[in-house]
2 protein chains.
Amino acid sequence: MRYELYYWPGIQGRGEFIRLALEDADADYVDVARRPKGMQAMAFQMKRNHVFAPPFLRAGELVVAQTAMILHYLGPRLGLAPKGEAQRLWLHQQQLTISDWLVEVHDTHHPIGSGLYYEDQKPESRRRAGDFHAGRLPKYLGYFERVERSRAITYVDLSLFQMIEGLRYAFPDTMRSIERKYPKLVALHDRVAARPRLAAYLASQRRIPFNQQGIFRHYPELDA
Amino acid sequence: MRYELYYWPGIQGRGEFIRLALEDADADYVDVARRPKGMQAMAFQMKRNHVFAPPFLRAGELVVAQTAMILHYLGPRLGLAPKGEAQRLWLHQQQLTISDWLVEVHDTHHPIGSGLYYEDQKPESRRRAGDFHAGRLPKYLGYFERVERSRAITYVDLSLFQMIEGLRYAFPDTMRSIERKYPKLVALHDRVAARPRLAAYLASQRRIPFNQQGIFRHYPELDA
């Protein structure tokens, strides 16, 4: 099966959680919007398939949107999730919690409106980021630190790697000061980063660098 | 199967989307936290099953959290979703989009922090609500107006009913002025409200009234 991934070509964003799974599994896929006329193709498929927002995946005739649902679909097919229903639902539940967490990361720099510039909501961002660092960030990190993980790597583990990477980029001072409280998550991050196919991907041109248009952004004034 | 629903007892909130499905299907269920010592039971089960946040559902030995995932699980079992994978995924995708929408409704009165009082974030709320009414609300309503619906009612239809109800409670002036643009959604709302079991539920004590602790809140200054 050749998968077609559709996502904004200039950022890691939500699409990166899918890219990591496809890359780690050495899946046959095309990152459509990064190819010539790819944005036109994405607009066409979005309209045709009633997709609310990228990322979405085409797998033959099936079109699947919503990051967590794409991973729920791909997981067992890529060998990154078990096939039993209870275990699949448990992973999906964790991934949906990561989705919630990611919205809160995004809203540290866009608390008023995603259509406005950061520069138009700076004081509000500073308040929201302060609340995030004081309460929500340790709550999410603590939750995923406590949850037992299987020995076999799943797509949720890849996503947790990406969360740690992104948080380190966006909030380096904060992360430096709190990471020691989450040794299992840090160890998981390192274990994922060392997987040969993923390490090759991360070192390649296919990995878009973090930047100030994505979900994880580094504004020093929003770091603790 | 007797289902156990766990959710905060004083609000509709996210739990209401599950209650509507259980009630419409005349399912055998217990709303655990609304019974004596129910809050203790909820705290116990949350910890035991690594649940990040309510609502969650116990179905025999299985524990399922995250609103959209609970409905994905229950849908075919309650006769509120088809059994085929492609159609189930399509409904789940729509429900996840409703979850995203609901977060944005919540954040109109809590743009800075969910742990703070509304009174501590009033100016920010006014800005965020303005952005919501101008951009996001019509985007979501327009999307669900355009999406084709099956003749058979699904759990997504029940959730869209709840969104319309909640938006009318929270933003009556706004809704009065824009609803005529979404005739299919309004017709769907009325059709769902007229379903006998749902009508009986809505008129019963089991339906918690909207209030100022829930997700949909009526602050006149946040209405357009």
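How many residues of chain B are in contact with chain A, and how many of chain A with chain B? It's 42 residues of chain B against 42 residues of chain A. Keep in mind that this is a predicted model.

## The interface in numbers

Putting chain B and chain A together buries about 3,600 Å². Carbon and sulfur atoms give 57% of that area.

On the polar side, the count between chain B and chain A is 17 residue pairs in polar contact, with both residues at pLDDT 80 or more. There are also six salt bridges between the two chains. One of them joins A:Arg128 to B:Asp107, with the closest N and O atoms 3.7 Å apart.

## What chain B brings

Four elements of chain B each supply at least two residues of the side that touches chain A: strand 4 (62–65), helix 3 (67–77), helix 4 (85–109) and helix 5 (122–146). The largest share comes from helix 4 of chain B, with 11 residues.

Sort the residues on that side of chain B by character and you get 19 nonpolar, 11 polar and 12 charged.

## Symmetry

So how do the copies line up? A turn of 180° and a shift of 0.0 Å along the axis lay chain B on chain A with an RMSD of 0.0 Å. The two copies are therefore related as by a two-fold rotation axis.

Which C-alpha of chain B is nearest the axis? That's the one of B:Pro111, 2.8 Å from the axis. Both copies use the same surface, too: 100% of the contact residues of chain B recur in chain A.

Note on methods
Residues numbered from 1 in each chain as written. Chains lettered and ligands numbered in written order. Predicted model: local features only at pLDDT ≥ 70, side-chain atom pairs only at ≥ 80, totals over all residues. Heavy atoms only, no water. Contact = heavy atoms within 4.5 Å. Buried area = accessible area lost by both parts, 1.4 Å probe. Salt bridge = Lys/Arg side-chain N within 4 Å of Asp/Glu carboxyl O. Polar contact = N/O pair within 3.5 Å; in protein donor to acceptor, adjacent residues only side chain to side chain. Nonpolar A, V, L, I, M, F, W, Y, C, P; charged D, E, K, R; others polar. Least-squares fit on C-alpha atoms with pLDDT ≥ 70 in both.
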